Amino acid sequence: MNHARHSTSDDLVIVENAQGRSCVVIVCEHASCYIPDAYNSLGLAADALHSHAAWDPGALGVARGMSAQLDAILVASGVSRLIYDCNRPPTSVDAMPAQSETIKVPGNVGLTAEQRLERANRYYEPFRNHLSRQIASTPDAVIVTVHSFTPSYHGAARTVEIGILHDTDTRLADAMLQLAPAHMDANVQRNAPYGPEHGVTHTLKEHAIKAGLLNVMIEVRNDLIQTGEQQDTMANVLANWLLESLAKLQSVKGAQ
């Protein structure tokens, strides 16, 4: 897997292909497992620092592949979601979790309101502002967030392989699910393994739904995207699937 590691504060927000001509804006909130030195690894062991608790393995590779295939802007967080989960608002407990699945995060235990605000200002607000600017500069923007999930959670195996997630706006998700059999030889499910009730649609609500923009969240089981080749293949499939879904929506709109 391509570990997104960063050595300075200059790339805590990653913007790639900023001049992309597509209407699609690709977002990867959990792209990196980087924890700045000042946080002393949050008290975690090395294996935890590179586990799914710290980031979404393979997601950035898929997001980058989709960006290239579509000629789309990509906005990603360059910091571990254990420092700040950019798919959560500052008011959410999960924005700086004290525990992720079975992994306790000592450096996040007992954070004061001031400490939480400092992290939100340092990591979330720049990400939010960069993403807002890129969306504003993209006519008729379509927001697509890319994530990965672990095959087993709390000891239970997950049979879902691809999740197509949405909040109150189901338009793009509906189109993708209708076209799924033509594109994916996989177990594709709606709002799985997570859904809006788990707080995972924050980016969609904040940046797309409020503005009436088409949007979808894509979850890929991370054992399917372990290598660069797998990530490229998945990116190609997802990009073509997305394009056909957008064309379907456009044809329906044109017929109305």
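Me: Which residues of β2 point one way from the strand, and which point the other way?
Reply: In a regular strand the side chains alternate between the two faces of the sheet. In this predicted model, every one of the 5 residues of β2 is buried, so the strand is largely enclosed by the rest of the structure. The residues pointing one way are V24, I26 and C28, and those pointing the other way are V25 and V27.

Me: In which sense does β2 pair with β6, and which residue of β6 is the bridge partner of I26?
Reply: Strands of a sheet pair through backbone hydrogen bonds, either parallel or antiparallel. For β2 and β6 the sense is parallel, over 4 bridges. Within β6, the bridge partner of I26 is V144.

Me: Which residue of β3 is the bridge partner of I26?
Reply: β2 and β3 run parallel and are joined by 4 bridges. On the β3 side, I26 has as its bridge partner L74.

Me: What is the strand order of the open sheet, and which strands stand at its edges?
Reply: The sheet has 7 strands with mixed pairing, in the order β1-β3-β2-β6-β11-β9-β10. Two of these strands have a single partner each, so one side of each is left without a neighbour in the sheet. The edge strands are β1 and β10.

Me: By how much does the sheet twist from one strand to the next?
Reply: The open sheet holds 7 strands. From one strand to the next, the twist averages 20°.

Me: Which residue in β10 is the bridge partner of I164?
Reply: β9 and β10 pair in the parallel sense, over 3 bridges. Opposite I164, the bridge partner in β10 is R190.

Me: Which strands does α2 touch, and what angle does its direction make with that of β2?
Reply: α2 packs on the sheet, where it touches β1, β2, β3, β6 and β11. The angle between the direction of α2 and that of β2 is about 170°.

Me: Across which strands does α3 lie, and at which residue does this helix bend?
Reply: α3 lies across β1, β2, β3 and β6, and runs at about 170° to β3. Its buried residues, including Y123, Y124 and F127, pack against β1, β2, β3, β6 and α5. The helix covers residues 113–136 and bends by about 35° at N121.

Me: Which residues have the most contacts inside the largest nonpolar core?
Reply: In soluble globular proteins, nonpolar side chains tend to be buried together. The largest nonpolar core here has 37 residues. Those with the most contacts inside this core are I26 and M66.

Me: Which element gives the largest share of this core?
Reply: The elements giving two or more residues to the 37-residue core are β2, α2, β3, β6, β9, α4, β11 and α6. The largest share, 7 residues, comes from α6.

Me: Which residues does M66 touch, leaving aside those up to four places away in sequence?
Reply: M66 shares with I26 the most contacts inside the largest core. Leaving aside residues up to four places away in sequence, M66 touches I26, V144, V146, I218, A235, L238, A239 and L242.

Me: How many residues does the other core have?
Reply: Another core lies apart from the largest one, and among its residues are Y39, V79, L82 and I143. The number of residues in this other core is 35.

Me: Which peptide bond is cis?
Reply: Most residues other than glycine have a negative phi, and most peptide bonds are trans. P193 is in the loop between β10 and α5. The bond with omega of about 0° is the cis one, joining A192 and P193.

Me: Is N17 buried or partly exposed, and what is its relative accessible area?
Reply: N17 lies in the loop between β1 and β2, with a positive phi near 55°. The cut-off for buried is under 20% and for exposed over 50%. N17 is partly exposed, at 33%.

Me: Is N40 buried or exposed?
Reply: N40 is in the loop between β2 and α1 and has a positive phi of about 50°, although it is not a glycine. With a relative accessible area of 61%, N40 is exposed.

Notes
Residues are numbered from 1 along each chain as its sequence is written. This is a predicted model: local features need pLDDT of at least 70, side-chain atom pairs count only at pLDDT 80 or more; totals for chains, interfaces and linings use all residues. Side-chain values use heavy atoms; hydrogens and water are left out. A nonpolar core is a set of buried Ala, Val, Leu, Ile, Met, Phe, Trp, Tyr and Cys residues joined through side-chain atoms within 4.5 Å. Buried means under 20% relative accessible area, exposed over 50%, partly exposed in between (1.4 Å probe, protein chains only). Contact means heavy atoms within 4.5 Å. The bend at a residue is the angle between axes fitted to the seven residues ending there and the seven starting there. Two strands pair if DSSP finds at least two bridges between them. Axes are lines fitted to C-alpha atoms, for helices over the stretch in contact, and angles run from 0 to 180 degrees between N-to-C directions.
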